[in-house]
Every structure is written in structure tokens, then in C-alpha cells.
Amino acid sequence: MKRWKSGFRGPLDAGALTFSSSLEVDRRLAEDDIAGSLAHVAMLGDRRIIPAAARRAITRALKEIKREIAAGDVPWLRVRPGAGRFVAEDIHM
């Protein structure tokens, strides 16, 4: 699912999707991206913008994702013409 696709009427070109995908870069930035998200959720908890239980749950989930990436358990999907399946365009999806 493309978050920005709603403005297009027809199917998206697989070549354009491949060209615009940032997954190859995202793979190298994943650990730093997660560190930033952990810092952000800590700030949200410290400021009481989110409840303590939410802070713990989000922190636990982010650390699990980090472990899965380190273990090689994350399926880094790529665009394949005619694949007919969900393809992530970046690490946030």
C-alpha cells in the first residue's frame, strides 16, 4: 500500500517504484532510526504526553524490531512487476 497513491487512477509503474524505493538506504539506517524513535518515545513519556504503559509497550516493540533486524528476520521486500503483493516503500511501512 502506498500512502500517497490516492491521487493516481491507474496502477503505479513498477520501474518508477523500484527507482524511488529507499529500502537499500533504510536497511543501513535502521538501527539509527530506531534509536531516534526510542529517544522520541522517552521524551513523550517524560513529558507525560503518552502514558507510562504506552511508553513501555512502544519501547519494548522497537527493541524487538531492532533484534529482528539484527537477526536478519525482517523480510526486506522489493518491487517486482506483476507480483501482486504488498511491497514496503521504506522502513517506516
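Guide: A helix here is a DSSP run of H or I with at least four residues, numbered from the N terminus. In this predicted model, alanine 54 is found in helix α3, which takes in residues 52-71. The protein chain holds three helices and zero strands, and its pattern along the sequence reads α-α-α.

Visitor: Why does alanine 54 count as partly exposed?

Guide: Buried means under 20% relative accessible area and exposed means over 50%, with partly exposed in between. Alanine 54 has a relative accessibility of 26%, so the residue counts as partly exposed.

Visitor: How do you know that the span of α3 agrees with its 20 residues?

Guide: The expected span is 1.5 Å times one less than the number of residues, which for the 20 residues of α3 gives 28 Å. The end C-alpha atoms of α3 are 29 Å apart, and therefore the two values agree.

Visitor: What does the same comparison give for α2?

Guide: Helix α2, residues 23-46, has 24 residues and reaches 32 Å from its first C-alpha to its last, close to the 34 Å expected. There is also a kink of about 60° in α2, centred on leucine 29. The buried residues of α2 include Leu23, Ala30, Ile34 and Val41, and the buried residues of this helix pack against α3.

Visitor: What makes arginine 55 and aspartate 46 a salt bridge?

Guide: The term requires a side-chain nitrogen of Lys or Arg within 4 Å of a carboxyl oxygen of Asp or Glu. For arginine 55 and aspartate 46 the closest N and O atoms are 2.6 Å apart, so the pair meets the cut-off. Aspartate 46 counts as exposed because its relative accessibility is 57%, set against a limit of over 50%, whereas arginine 55, at 27%, counts as partly exposed.

Visitor: Which other pair forms a salt bridge, and where do its residues lie?

Guide: A search of the whole structure finds two salt bridges, and one of them joins arginine 67 to glutamate 64, with the closest N and O atoms 3.0 Å apart. Both residues lie in helix α3, three residues apart, about one turn of the helix. An α-helix has 3.6 residues a turn, so residues three or four places apart point the same way. Glutamate 64, at 33% relative accessibility, counts as partly exposed.

Visitor: What follows each of these two helices?

Guide: α3 is followed by glycine 72, whose phi is positive, near 80°, and α2 is followed by arginine 48, whose phi is positive, near 60°.

Conventions:
Residues numbered from 1 in each chain as written. Predicted model: local features only at pLDDT ≥ 70, side-chain atom pairs only at ≥ 80, totals over all residues. Heavy atoms only, no water. Buried < 20%, exposed > 50% of the residue type's maximum accessible area, 1.4 Å probe, protein only. Bend = angle between axes of the 7 residues up to and from the residue. Contact = heavy atoms within 4.5 Å.
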